[in-house]
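Q: Could you take me on a close look at one part of this model, the strands around its hairpins, and then show me what lies around them? I would enjoy one connected account rather than a list.

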Amino acid sequence: MSMIIGIDIGGSTTKIIGFYRNKVISPLLVKATDPISSLYGAFGKFLNQNGLSLNDVSHVMVTGVGSSYVRERIFGIPTGRTDEFNSVGLGGLFLSNLSNAVIVSMGTGTAFVKAEMSKVSHLGGTGVGGGTLLGLSNRMLNIRHFDDLVEMAKGGNLANVDLFIKDMSNNIIAELPPDTTASNFGKISDLVTSPDIALGIINLVFQTIGVLSIFAARIDGTADIVLTGNLTNVPQSIEIFNGLTRLHSVRFHVPEHAEFATAVGAALLYETNASFIDGENS
């Protein structure tokens, strides 16, 4: 076997996938605050779960903010380091089976890249992302865990939090349904509940990300937007992005293994001009 391992080392999580015969193998995620500890923990767990030995791995490709801490080969295996934005773009295209799209990487913050098979360009980003969700939920609801916020929001009602078009006017506004958001948290009342606020926070974050990605797609003349990163697992996001689709002529895609797109892209890039530790590429 000659498997490529792609590893995305983030600030709080490390994601690892195997890539063999053009297929993604056994993606998994490990949480740790130390990037090197999470890297080796994820690598060992991946090998153990798949019954692999070091000899089954031909190359390791690392990317992400924590990849700068990797200064030697991983267990003696040729190890390369590649640009995170290129990894996001190529990983998003591969998983979505598209050849041209805006790829959105939703992590602590959010990055937007334009990806074609031969070129990836960083379009920009926003500080609104998973960090925003947890920061606001901590201060407003005393909730510090992602899963708890998502669970609480299931009982929420946006009508108690957000100001809609129908709250402002009885007249029909062209191309804007009455329940279109006019102002996030613009109608919060004394009767608002914690679930209402939780849903309002989630709606604020995903609407911001969605609208910015639509603007990026419009500027580029692209109709396809691929969503990747940990936030793709938030169940409430589906309805939010569907609502934006009804307003704008775009297509949102959430491919299988979307949260591992950057690790997939890193594996895909091992044959390119990525820099290899110790200068070796064999």
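A: Happy to; what follows starts at the paired strands and then moves on to a few single residues and the pockets. Please keep in mind throughout that this is a predicted model.

Let us begin with strand 7, which covers residues 110-116. Strand 7 is mostly covered, as 6 of its 7 residues are buried. On one side, strand 7 pairs with strand 6 (residues 100-106) in the antiparallel sense, over 7 bridges. A hairpin of 3 residues carries the chain from strand 6 to strand 7. At this pairing, M106 stands opposite T110 of strand 7.

Strand 7 has another partner in strand 8 (residues 119-126), to which it is joined by 7 bridges, again running antiparallel. These two strands also form a hairpin, with 2 residues between them. T110 is a handy residue to follow here: its bridge partner in strand 8 is T126, while M106 stands opposite T110 in the pairing of strand 6 with strand 7. If you trace T110 on your screen, you can therefore look from M106 to T126 by way of a single residue.Now for S105, which has its place in strand 6. S105 counts as buried because its relative accessible area is 15%, and the cut-off for buried is under 20%. Leaving out residues up to four places away in sequence, S105 touches V88, T110, A111, T228 and T262. T110 thus turns up once more, this time among the contacts of S105. For a sense of distance, pick out N55: it is 50 residues from S105 along the chain, and their C-alpha atoms are separated by 32 Å.

T262 leads us on, since it is listed among the contacts of S105 and also among those of T63. T63 lies in strand 4, residues 57-63. With a relative accessible area of 0%, T63 is buried. Its contacts, neighbours within four places in sequence left aside, are I7, D8, I9, T82, D83, E84, S87, T262 and A266. One of these, T82, also offers a polar detail: its backbone oxygen lies 2.9 Å from a polar atom of the side chain of T63.

Next, the loops. N97 is found in the loop between helix 2 (84-96) and strand 6. The phi of N97 is positive, about 60 degrees, although N97 is not a glycine. N97 is exposed because its relative accessible area is 70%, and exposed means over 50%. H257 can be looked at in the same way: its phi is positive at about 65 degrees, although H257 is not a glycine. H257 is found in the loop between strand 12 (251-253) and helix 8 (261-268). Its relative accessible area is 25%, so H257 counts as partly exposed.

A further loop residue is H145, located between helix 3 (130-141) and helix 4 (146-153). H145 counts as exposed, at 54% relative accessibility. L134 is 11 residues from H145 in sequence, and the C-alpha atoms of the two are 7.1 Å apart in space.

Finally, the open spaces. Rolling a probe the size of a water molecule over the atoms shows where empty space is left. The largest pocket has a volume of about 980 Å³. It is lined by 37 residues, and the closest to its centre are S12, T13, G107, T108 and N230. By class, this lining has 13 nonpolar, 17 polar and 7 charged residues.

The second largest pocket holds about 670 Å³ of space. Its lining is made of 21 residues, of which D179, T181, N203, Q207 and G243 are the closest to its centre. Sorted by class, the lining of the second largest pocket has 9 nonpolar, 8 polar and 4 charged residues. Helix 6 (194-220) and helix 7 (236-247) each supply at least two of the lining residues. Helix 7 gives the largest share of that lining, 7 residues.

To return to where we began, strand 7 pairs with strand 6 and with strand 8, and 6 of its 7 residues are buried.

How values were computed. Residues numbered from 1 in each chain as written. Predicted model: local features only at pLDDT ≥ 70, side-chain atom pairs only at ≥ 80, totals over all residues. Heavy atoms only, no water. Helix = DSSP H or I, 4+ residues; strand = E, 2+ residues; numbered from the N terminus. Buried < 20%, exposed > 50% of the residue type's maximum accessible area, 1.4 Å probe, protein only. Polar contact = N/O pair within 3.5 Å; in protein donor to acceptor, adjacent residues only side chain to side chain. Contact = heavy atoms within 4.5 Å. 1 Å grid on protein atoms, 1.4 Å probe; cavity = no way out; pocket = protein on both sides within 12 Å on 5 of 7 lines; lining within 4 Å. Points joined across faces, edges and corners; volume = space filled by probe spheres on them. Nonpolar A, V, L, I, M, F, W, Y, C, P; charged D, E, K, R; others polar. Pairing = 2+ DSSP bridges.
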